[in-house]
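Colleague: I have a model open and would like to talk it through. Can you take some questions?

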Amino acid sequence: MISEEVKKQPIYYGLIILLLFIAMVSLPSTALLTKIFGENDYRFLSPFVFRPIFVAGFIIFAVKIGLGKYFITKPTLKSLIFVLPVLIIAINNFPFFSYFSNKLAINSNRFEIGYILATFMIVFSEEIVFRLIILPLTAIKLKTSRFYQVKVFAVSSAIFALTHIVNLFGGAGFVSVLLQV
């Protein structure tokens with residue numbers, strides 16, 4: 001059951017999650033791992049060190065405020081269809097054309113598995129935050145408005161897109177960030 005406090009202030013709870021999500025993606029995890037463990041290439045390992053901690057925190061937070069029903073459900077064939085976008089996005093991020101045309105410079109012999117697993121972890125954390133927390137909080141806020149379902153998907157999608165702007169500060173190129181948005 002969603003708490004009355006969350007029903008009164010869903011924007012407040014959504015902002016908490018968004019700020020924590022931005023902190024998670026802004027965390028210089030590769031640099032931190034290098035400082036802790038010494039010089040090495042931790043690019044593909046870094047999403048597995050800190051993101052699971054944040055995701056666990058997001059899930060605990062969501063369950064505590066009453067959004068647990070979105071996490072604890074009996075899987076059905078119909079619900080598995082919702083996993084397909086996650087898999088398609090994860091697979092889509094792999095540079096297949098460059099890889100199969102031998103134009104991709106691979107600096108590590110563990111590139112393929114590391115890249116795929118890192119991409120999956122990134123997509124998984126975004127899905128947890130935006131589909132299972134931000135989307136329901138947006139629905140709570142807009143429930144009484146006309147055509148609220150369309151507005152819920154539009155607003156939560158816009159929030160998801162805008163959070164990718166933070167990648168500009170991490171060194172990503174403008175065109176790359178524009179495509180993400």
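Modeller: What follows goes from the overall fold to the core, the ring pairs, one helix and one loop residue.

Colleague: What kind of model is it, and how many helices and strands does the protein chain have?

Modeller: The model is predicted. The protein chain has 11 helices and zero strands.

Colleague: How much of the chain is buried?

Modeller: Of the 181 residues, 30% are buried. The accessible surface is about 12,000 Å², and carbon and sulfur atoms account for 69% of that surface.

Colleague: And what share of the contacts joins residues at least 24 apart?

Modeller: Taking contacts between residues at least 6 apart in sequence, 63% join residues at least 24 apart.

Colleague: On to the core. How many residues are in the largest nonpolar one, and which have the most contacts inside it?

Modeller: The largest nonpolar core has 18 residues. Those with the most contacts inside it are Phe58, Leu67, Val129, Ile133 and Leu137.

Colleague: Which helices supply at least two residues each?

Modeller: Those are α2 (10-26), α5 (51-64) and α9 (111-142). The largest share of this core comes from α9, with six residues.

Colleague: What does Leu137 touch?

Modeller: Leaving out residues up to four places away in sequence, Leu137 touches Val6, Pro10, Tyr13, Gly14, Ile65 and Leu67.

Colleague: Rings next. How many aromatic pairs are there?

Modeller: The count is five aromatic pairs. One of them, Phe21 with Phe130, is edge-to-face, at 5.1 Å centre to centre and 85° between the planes. This pair links distant parts of the chain, since Phe21 is in helix α2 and Phe130 in helix α9, 109 residues apart.

Colleague: Are Phe21 and Phe130 buried or exposed?

Modeller: Both Phe21 and Phe130 are buried.

Colleague: Why is the pair of Phe54 and Phe58 called tilted?

Modeller: The planes of Phe54 and Phe58 are at 45°, so the pair is tilted, and the ring centres are 6.4 Å apart. Tilted covers angles that are neither under 30 degrees nor over 60. Both residues lie in helix α5, four residues apart, which is about one turn of the helix.

Colleague: Is each of those two buried or partly exposed?

Modeller: Phe54 is partly exposed, because its relative accessibility is 23% and the cut-off for buried is under 20%. Phe58 is buried, at 2% relative accessibility.

Colleague: Which residues do ring pairs link into a cluster?

Modeller: Tyr12, Tyr13 and Phe61 are linked into a cluster by ring pairs.

Colleague: Different topic: α10. What is its span, and which of its residues are buried?

Modeller: Helix α10 has 16 residues and reaches 22 Å from first C-alpha to last, close to the 22 Å expected at 1.5 Å a residue. Its buried residues are Val152, Ser156, Ala161 and Thr163. Seen down the axis of α10, the buried residues fall within an arc of 165°, so they line one face of the helix.

Colleague: What is exposed on the other side of α10?

Modeller: Val150 and Leu162 are exposed there.

Colleague: Last one. Where is His164, and is it buried or exposed?

Modeller: His164 is in the loop between α10 (148-163) and α11 (174-180). It is buried, because its relative accessible area is 10%.

Colleague: What does His164 touch?

Modeller: Not counting residues up to four places away in sequence, His164 touches Glu126, Val177, Gln180 and Val181. Ser176 is 12 residues from His164 in sequence, with 10.0 Å between their C-alpha atoms.

Notes:
Residues are numbered from 1 along each chain as its sequence is written. This is a predicted model: local features need pLDDT of at least 70, side-chain atom pairs count only at pLDDT 80 or more; totals for chains, interfaces and linings use all residues. Side-chain values use heavy atoms; hydrogens and water are left out. Buried means under 20% relative accessible area, exposed over 50%, partly exposed in between (1.4 Å probe, protein chains only). Contact means heavy atoms within 4.5 Å. A nonpolar core is a set of buried Ala, Val, Leu, Ile, Met, Phe, Trp, Tyr and Cys residues joined through side-chain atoms within 4.5 Å. The expected span of a helix is 1.5 Å times one less than its number of residues. The arc is that of the directions from the helix axis to the C-beta atoms. Accessible areas come from the Shrake-Rupley method with a 1.4 Å probe; for residues, only the protein chains shown count as cover. Rings of Phe, Tyr and Trp (its six-membered ring) pair if their centres lie within 6.5 Å; planes under 30 degrees apart count as stacked, over 60 as edge-to-face and the rest as tilted.
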